[in-house]
Amino acid sequence: MANGLAGAKARRQRLAESLANQQSAFLGQLRGKRNISDITRTYTEGYRPLQAAYGQRGLGGPSVKSGIRRQGLAKYAETMQRELGRETENMQTELNNIAAIEAGQQSSLDAYLNELNLSKAQQIMADAAALREFQGY
Amino acid sequence: MAKKRGKKVPVGQLSKEQQAAFQAQLDLQERALQMAQAQADREAENYAARVAEQRAQQQAQEAQAREAADREAQFNALNEVARIYSGQAGDYGSQYDAYAGQVESQRQGALQQLADAVGRAESGIGSAQDQFLRDLVATQAYQNVPLVELGQQQNPLLAGLAAEGASVAGVEAQSAQDAQIAAQLAALTRGAMGQLNVGEQNYMKALQNAAAQAASQARTDLSGRQFGIGQGIQSQYDQLAQQIAQQRLEAVSAAERQAAEAQAQAQAYKPIEMATPMPTIPEPEFDYAAQLEAARQAALAQIRAALPTQPKKQKPKNATGTGAGTTGVTSGGGVRDILGNLQPANTPKIG
């Protein structure tokens, strides 16, 4: 592929962008996993105190299975699930956005190089058709 | 000029009649000399006149000859000038014909260069198009995009909820909803990538079409340019050839005109007919003796004619015959005898 300095510069820039995208994806994935891990740990660690709290209120114990307690724990677990889901969705969206950006940037590079080649070919054709060596006639 | 040569001869020994006759003879001789001298003078004058006339004619002929020579020189010079100008006209014609040939050769060369350049340009256009198609990046940027569809996180509290006898339906419903949303988002992104890929492929075709159109346009432009340049070449070389033809005509015409003028001028100096040279007059040869004899005879004839004629007398019987004519001086007969006895040999020589 011979499209000169402009093409080389564009490919070099594209490489830098691609590296940045990979880094973003890695960091996004890392951040998402950490958030999910944090959510899991937070809710897991809060589950027993929640149970204890219902017990202290006399709504639960080894032989007592209160509806309020069961409903409260279920709600707690559901909230945890919702946050896990949102974080997962965020991470998926971020990764896919990075992939789309990567594809878009590659597409832009390809289009730029192709347009450079087209412009060059058009110039060659126009120069050939101009027959400039016969300018005097 | 007559020279006076008459001299009294001593005549003491002669008789009176003899003296008279001798004196008459001397007078006659003197008269003959004068006549001969006069005749010679007349002939000399005639000769001198003829010589002068012939000299004048010869001078006229010499002048005419000089003029003829001058005319001939002028005639020849002008004819030479005419010949040179005629030669120049031919040379000009040859030179300008050579120029015209060179111009025609250059015209063909230029047209051939144009044809070659057009061939190279057509080849260049085709090569540029081929090169573009070879270099065309068949982009796959939107194909096989690594999209993720993350699975739902397993809730670690489910076992605890089950142990508590609490419902897990909410958690499962939330998880199912999140999974559905994630799947939809992923599908949406994949669809977008697919659409972008379709656009990308269309763009690729558009690029190829643009290259083909550019090549087609370039060939059209090239054809038009070739026509225009060809016209320009023809026009330029036509103009050049016309200028050369015009200059040729002017140069040849000028030389021919000058040749014609020189020839016309030469006609004014055409050689003239020379008069026949005058014959040289021979020098007169004066034979004074013959002249004098002729003059003497002529004088005698005049004298005889002038003498009175007397009837012949009978010779007296008593005549003693002492000598003829001794008594005839006055009668004339004696003189005639004397005259008859005169001989040319006796004529004295004139110096």
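# Helix packing between chains A and B

The axes of helix 2 of chain A and helix 1 of chain B approach within 8 Å and cross at roughly 175°. Helix 2 of chain A and helix 1 of chain B are therefore roughly antiparallel to each other, since an angle over 145 degrees counts as such. The model is a predicted one, with an ipTM of 0.88 and a pTM of 0.65.

On the chain A side of this helix pair, the residues that meet helix 1 of chain B are Asn117(A), Leu118(A), Ala121(A), Ile124(A), Met125(A), Ala128(A) and Ala129(A). Their counterparts in helix 1 of chain B include Ala121(B), Ile125(B), Ala128(B) and Phe132(B), and also Gly124(B), Gln129(B), Gln131(B) and Asp135(B). By class, this contact has 10 nonpolar, 4 polar and 1 charged residues.

Helix 2 of chain A also packs against helix 3 of chain B, at an angle of about 5° and with the axes 10 Å apart. That angle makes helix 2 of chain A roughly parallel to helix 3 of chain B, the limit for this class being under 35 degrees. The residues of this second contact divide into 27 nonpolar, 13 polar and 7 charged.

The three helices also come together in the largest nonpolar core, which has 21 residues. Within this core, Ala121(A), Met125(A), Ala128(A), Ala129(A), Ala121(B), Ile125(B) and Ala218(B) touch the most other members. Helix 2 of chain A, spanning 67–130, supplies at least two residues of the core, as do helix 1 (16–135) and helix 3 (169–267) of chain B. Of the contributors, helix 3 of chain B gives the most, with 8 residues. What does Met125(A) touch, leaving aside residues up to four places away in sequence? Its partners are Ile125(B), Ala128(B), Ala214(B), Ala215(B) and Ala218(B). A second, separate core holds 12 residues, among them Tyr43(A), Leu73(A), Ala74(A) and Tyr76(A).

The contact between the chains as a whole takes 48 residues from chain A and 60 residues from chain B. On the chain B side, helix 1, helix 2 (158–164) and helix 3 each supply at least two residues. Helix 3 of chain B provides the largest share of that side, 27 residues. Sorted by class, the side of chain B that touches chain A has 37 nonpolar, 16 polar and 7 charged residues.

Turning to chain A by itself, its secondary structure consists of 2 helices and 0 strands. Chain A has 137 residues, of which 28% count as buried. Among its contacts between residues at least 6 apart in sequence, 76% join residues at least 24 apart.

Chain B has a long-range pairing of its own. The C-alpha atoms of Ala245(B) and Tyr99(B) are separated by 9.4 Å, although these residues are 146 residues apart along the chain. Ala245(B) lies in helix 3 of chain B. Is Ala245(B) exposed, buried or partly exposed? There are 15 other C-beta atoms within 10 Å of Ala245(B), so this residue is partly exposed.

Two residues stand out by their backbone angles. Most residues other than glycine have a negative phi. Leu131(A), however, has a positive phi, near 50°. This residue lies in the segment after helix 2 of chain A. Leu131(A) is buried, because 20 other C-beta atoms lie within 10 Å and 20 or more is the threshold for that class. Asn144(B) has a positive phi too, near 55°, and is located in the loop between helix 1 and helix 2 of chain B. Asn144(B) has 10 C-beta neighbours inside 10 Å and therefore counts as exposed.

Confidence varies along chain B. The chain averages a pLDDT of 81, and 81% of the residues score at least 70. Among the elements of chain B, helix 3 has the highest mean pLDDT, 93, and helix 5 (residues 333–341) the lowest, 51. Over residues 316–333 of chain B, pLDDT stays under 50, and the model has 19 contacts beyond four places in sequence for this stretch. Residues 342–351 of chain B also stay under 50, with 10 such contacts.

How values were computed: Residues numbered from 1 in each chain as written. Chains lettered and ligands numbered in written order. Predicted model: local features only at pLDDT ≥ 70, side-chain atom pairs only at ≥ 80, totals over all residues. Core = buried A, V, L, I, M, F, W, Y, C linked by C-beta atoms within 7 Å. Helix = DSSP H or I, 4+ residues; strand = E, 2+ residues; numbered from the N terminus. Contact = placed C-beta atoms within 7 Å. Nonpolar A, V, L, I, M, F, W, Y, C, P; charged D, E, K, R; others polar. Axes fitted to C-alpha atoms, helices over the stretch in contact; angles between N-to-C directions. Parallel < 35°, antiparallel > 145°, perpendicular 65-115°, else oblique. pLDDT = per-residue confidence, 0-100.
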